[in-house]
Amino acid sequence: MTTRSPRRLQHDSAVLPTDGRRQNLSLVLQVLYSEGAMSRADLARRLSLTKVTASDLVGELLERGQVVEVGQSGAARPGKPATLVDVDRHGLQVVGLDLTAHQVLRAAVLDLDGTVLRRVERPLSGSASGQDVVADVLALVADVVALADRPVLGIGVGTPGVVGPDGEVITAPNLGWTDVPLRELLAAATGLPVLVCNDADAAVHAEHTLGEGGDHLALIRIGLGVGCGLIVNGRLIRGAHSAAGEIGHVAVGTDGGATCSCGNVGCLETWVSAPRLAKALAEGPDDAPLTEAGERLGIALAPVVAALDLAEVVISGPHELVDGPLTAAVDETLRRRMLSRNASSLQVRVAAAPDDIVLRGAGVLVLWDQWGVA
């Protein structure tokens, strides 16, 4: 799969070396990851550092194995050609987990550009929940880490539910989880750095960093549940309780509905989750359930899009469910419920590569966690 080059950074300059060497090392990694191989002199100019300082920082990153020399510059300059350096895109790997698919857990080994190299899946029985799922996740991680043939930078996990800043899954009704210390459990089992986040947050990072998403973006993730990842001014929005975008368990409308896994009635998930939609389509002769689901989703999204003045709404989920009447209904509902001036420039579209979006986003978040790359 071909993806665009990662976006340019918003950072304009580095801090003084005496004030933040660690930050400067992170900035070097960010520039190389986002802009590609360059010479030490070009890095110095890009970050407003002296050539000596830039060379010193690159030297430390070379010793750590995070940066490699990749050849000489072809630019026509007097004297000896400059040696180019880049992050070690193929000498390091990351592991991503996607816990959102229906009745299956998915994992992959990825390179630093988000390319899936190897995959593992572990089926769940229909009754599996709670501690049984934790055991399955631990077994899955052991299997996928064993497939890595390069040093692993870390493990990223995209899970349904609300995830605290310490990697604890506060609640994930669809997995039967409450206060599960997932990051701690996986780190203890593997000895690797672990980052756990909501699946929609992982997906929106994949769209923003590796895909076509801009800096004012909502990504709706439709799977076992429904979640929303939000990027505003190029930054992920997490909220006061790490639950920003948790729209799946918001009741939509006043006409009741089915009982949700959380215990409430009429939650958005009861209309829009992939299992519910697939069941409704199997029972009915037409696409009416998709249109109704799209309208309900548009009603839930309209105040979010308007309040944050977003430019894009991207819908990610099973292609046969989201690409067509559902997305069209979201688009029409949003435009009907917003100021025409704002709605006229709003883009509503389907994610280009939804199947691996959580896996790839989880990998991106490892880079953010370890290197500050976003």
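A residue counts as buried when its relative accessible area is under 20%, and as exposed when that area is over 50%. In this predicted model, those terms are applied below to helix H3.

H3 has 14 residues. From its first C-alpha to its last H3 reaches 20 Å, close to the 20 Å expected at 1.5 Å a residue. Gly65 follows H3 and has a positive phi, near 80°.

The buried residues of H3 are Thr53, Ala54, Leu57, Val58 and Leu61. Viewed down the axis of H3, these buried residues fall within an arc of 130°, so they line one face of the helix. An α-helix has 3.6 residues a turn, so residues three or four places apart point the same way. Lys51, Val52 and Glu63 lie on the other side of H3 and are exposed.

The partners of the buried residues of H3 are two further helices and two strands, as tabulated.

| Element packed against by the buried residues of H3 | Residues |
|---|---|
| Helix H1 | 21-35 |
| Helix H2 | 40-47 |
| Strand E2 | 67-72 |
| Strand E3 | 83-87 |

Helix H1 (residues 21-35) packs on helix H3 (residues 51-64) at an angle of about 75°, and their axes are 10 Å apart. That angle makes H1 roughly perpendicular to H3. On the H1 side the contact is formed by Arg21, Asn24, Leu25, Val28 and Leu29; on the H3 side Asp56, Leu57, Glu60, Leu61 and Arg64 take part. By type, the residues of this contact divide into five nonpolar, one polar and four charged. Leu57 and Leu61, which belong to the H3 side of the contact, are also among the buried residues of H3.

Conventions: Residues numbered from 1 in each chain as written. Predicted model: local features only at pLDDT ≥ 70, side-chain atom pairs only at ≥ 80, totals over all residues. Heavy atoms only, no water. Axes fitted to C-alpha atoms, helices over the stretch in contact; angles between N-to-C directions. Helix = DSSP H or I, 4+ residues; strand = E, 2+ residues; numbered from the N terminus. Parallel < 35°, antiparallel > 145°, perpendicular 65-115°, else oblique. Contact = heavy atoms within 4.5 Å. Nonpolar A, V, L, I, M, F, W, Y, C, P; charged D, E, K, R; others polar. Expected span 1.5 Å × (residues − 1). Buried < 20%, exposed > 50% of the residue type's maximum accessible area, 1.4 Å probe, protein only. Arc of directions from axis to C-beta.
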